[in-house]
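Me: I should like to learn how to read the interior of a protein model and its charged contacts. Could we work through one example together?

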Amino acid sequence: MKIAFISSSRDPSLPQIDSDGGAVTIRHYASELGRLGHIVDIYTGRVAKSAHNNKYSNTKSKAQHENTITLGHNVRVIRNALKYNAAHKHPPQLRPSEKLRVVHAQNFAHSFNPHDLHTYELVCLFHIITAYGFLSQKKILPNKVVLFPMLLSGEYKKFSTVSDAYIKIEQKVLSSVSHICSPSQSEKGALIALGIKKNKIAIVPRGFDETIFYHRARRSYPKGKKVKIACVGAIRPQKQQDKLITIAKLLIRRGYLPKITIIGENKNFYDKTYEGYYLKIKKRIAQFGLKKFFHFTGNLESKKIANTLRKSDIAIFPSVGESFGKAAMEAIATGIPTILRKSISAYKEFAPRGVYALAVDDPPENFVRIIENLLLDHSLYLRISREGGILAKNFSWEITSKKLESFLKSIKKTRAF
């Protein structure tokens with residue numbers, strides 16, 4: 001098959017800049033499909049240098065010095081320069097951040113000629129707003145589209161305000177497309193609750209690179225009061241890294257000496273809200289005199305993330321909103337005992353409660369209780385570490401991409417383009 005992947009704002013060929021789960025997912029799905037013999041072209045936006053000295057835009061602009069590059073066997077990345085069109089319309093009730101995303105998606109879709117996507121058998125659109133840009137301009141037929149929602153408004157609502165206008169856009173896009181690819185039963189249930197017919201939703205989980213996040217069961221447990229804690233994820237409100245401050249304070253009160261390593265982008269923020277959140281965390285750490293207990297690594301390549309996890313005692317993920325939770329799965333896969341937030345139903349896809357990882361209710365006090373349980377109950381610590389090795393059998397990128405291939409082939413078989 002000849003397939004187009006459309007990612008308006010993330011360039012999967014630049015993991016040092018676009019390191020979030022969406023970019024990683026696109027890169028690995030495309031690479032595996034290419035290896036299986038399919039032709040995949042990934043279209044992404046080419047960023048112009050910012051006149052406002054935006055570090056993210058300027059760094060990315062410098063890195064995107066070619067229009068087209070080869071990412072792997074049968075896989076290209078094609079970078080389209082945005083074409084601005086003042087005639088584009090969007091609901092005036094959108095919040096400023098929502099408006100920025102919608103305008104960007106519309107301008108990106110406008111950079112395509114009407115015939116650019118006609119040669120592809122399927123077009124995979126990543127994110128609802130990306131799909132809105134193409135569908136609102138009729139740049140692609142809805143029955144040729146496979147939509148990867150990435151994050152539904154219900155998840156956004158857990159950590160920010162979502163306008164009614166945005167929800168209407170979401171509903172329009174979800175109703176328009178013929179095929180939706182969801183990573184979890186949890187998200188599928190949310191889609192069905194929105195009135196989407198279940199027969200157009202397929203579940204294809206995310207994966208991990210088992211050659212990097214390979215399993216190594218712990219043969220010993222942490223001794224003494226020092227505990228090394230890792231937390232992986234882009235620094236933003238939904239990931240709730242600010243909760244780590246309370247966790248550190250509570251551990252110190254109980255006589256422990258935590259060293260909390262936060263792995264995630266802390267320089268090239270594309271959203272000022274995320275930068276503000278990061279600066280707020282840094283300020284609070286300083287106010288409470290906790291600097292020596294925290295270490296921010298910034299964005300790391302996958303091998304360094306895996307190495308950091310293996311050097312840590314425990315991984316914790318206080319995130320409040322996830323469509324899947326790839327970073328948490330990678331941590332479990334390495335063999336580090338991992339604590340998850342129980343309210344994230346998507347985690348059940350790869351970590352049933354009490355198996356492979358431990359899940360707790362939301363308050364930071366509960367994370368501290370489970371951390372202490374792991375430190376005191378050595379058999380529990382070693383068992384949780386040992387169980388993570390099973391994940392490679394079901395969630396390697398090779399396995400999950402074959403599931404995606406099967407889904408895409410079934411669409412081609414039942415529809416004539």
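Reply: What follows takes the nonpolar cores, the enclosed and open spaces, the salt bridges and the backbone in turn, and the model under discussion is a predicted one.

Me: Let us begin with the interior. How many residues has the largest nonpolar core, and which of them have the most contacts inside it?

Reply: A core is read as a set of buried nonpolar residues joined through their side chains. Here the largest one holds 40 residues, and Ile6, Tyr43, Leu117, Phe134 and Leu147 have the most contacts inside it. At least two residues of this core come from each of strand S1 (2–7), helix H3 (96–110), strand S5 (122–126), helix H4 (128–136), strand S6 (145–148) and helix H6 (164–176). The greatest contribution is that of H4, which supplies six residues.

Me: Which residues does Phe134 touch, if its neighbours within four places in sequence are left aside?

Reply: Phe134 is then in contact with Ile6, Phe108, Ala109, Phe112, Leu117, Leu125, Lys139 and Ile140. Apart from the largest core there lies another, of 37 residues, which includes Cys231, Leu250, Tyr277 and Val368.

Me: I turn to empty space. How many cavities of 30 Å³ or more does a search of the whole structure find?

Reply: A cavity is a space that a probe fits but cannot leave. Three cavities reach 30 Å³ or more in this structure. The largest has a volume of about 130 Å³. Its lining consists of 14 residues, and those nearest the centre are Ala234, Arg236, Glu265, Asn268 and Tyr270. By class, the lining of the largest cavity comprises seven nonpolar, two polar and five charged residues.

Me: What lines the second largest cavity?

Reply: The second largest cavity contains about 70 Å³ of space. Its lining includes Leu340, Arg341, Tyr347, Pro352 and Leu358. Strand S13 (338–341) and strand S14 (358–360) are the elements that give two or more residues to this lining. The class count for the second largest cavity is eight nonpolar, no polar and four charged residues.

Me: Pockets are open rather than closed, as I understand the term. Which residues lie closest to the centre of the second largest pocket?

Reply: The second largest pocket holds about 230 Å³ of space. It is lined by 14 residues, with Arg95, Ser97, Arg101, Phe159 and Ser160 closest to its centre. H3 and helix H9 (272–287) each give two or more residues to the lining, and H3 gives the most, with three. By class, this lining has six nonpolar, four polar and four charged residues.

Me: I come now to charge. How many salt bridges does the structure hold?

Reply: Side chains of opposite charge can pair when their charged atoms come close. The structure holds 17 salt bridges. In one of them, Asp18 pairs with Lys60, and their closest N and O atoms are 2.7 Å apart. The two partners belong to distant parts of the chain, 42 residues apart: Asp18 is in the loop between S1 and helix H1 (21–35), and Lys60 is in helix H2 (residues 55–63).

Me: Why does Asp18 count as buried?

Reply: Asp18 counts as buried because its relative accessibility is 2%, and the cut-off for buried is under 20%. Lys60 is buried as well, with a relative accessible area of 1%.

Me: How are pairs within one helix to be read?

Reply: One should note the spacing along the helix. Arg383 and Glu387 form a salt bridge at 2.9 Å, N to O. They are four residues apart in helix H13 (residues 378–387), so about one helical turn separates them. Arg383 is partly exposed, at 26% relative accessibility. In helix H15 (residues 397–414), Lys409 and Glu405 are likewise four residues apart, about one turn, and their salt bridge spans 3.6 Å, N to O. Of these two, Lys409 is partly exposed at 43%, whereas Glu405 is buried at 13%. Salt bridges can also form a network, as with Glu32, Arg35, Glu398 and Lys402.

Me: Finally, what is the phi value of Lys138?

Reply: Phi of Lys138 is near 55°, a positive value in a residue other than glycine. Lys138 is in the loop between H4 and S6 and counts as exposed, at 72% relative accessibility. Tyr356, in the loop between S13 and S14, also has a positive phi, near 75°.

Methods. Residues are numbered from 1 along each chain as its sequence is written. This is a predicted model: local features need pLDDT of at least 70, side-chain atom pairs count only at pLDDT 80 or more; totals for chains, interfaces and linings use all residues. Side-chain values use heavy atoms; hydrogens and water are left out. A nonpolar core is a set of buried Ala, Val, Leu, Ile, Met, Phe, Trp, Tyr and Cys residues joined through side-chain atoms within 4.5 Å. Buried means under 20% relative accessible area, exposed over 50%, partly exposed in between (1.4 Å probe, protein chains only). Contact means heavy atoms within 4.5 Å. On a 1 Å grid over the protein atoms alone, a cavity is a set of points where a 1.4 Å probe fits but cannot get out, and a pocket is an open set with protein on both sides within 12 Å along at least five of seven lines; lining residues have an atom within 4 Å of a point. Grid points are joined across faces, edges and corners, and a volume is the space filled by probe spheres set on the points. Ala, Val, Leu, Ile, Met, Phe, Trp, Tyr, Cys and Pro count as nonpolar, Asp, Glu, Lys and Arg as charged, and the others, Gly among them, as polar. A salt bridge is a side-chain nitrogen of Lys or Arg within 4 Å of a carboxyl oxygen of Asp or Glu.
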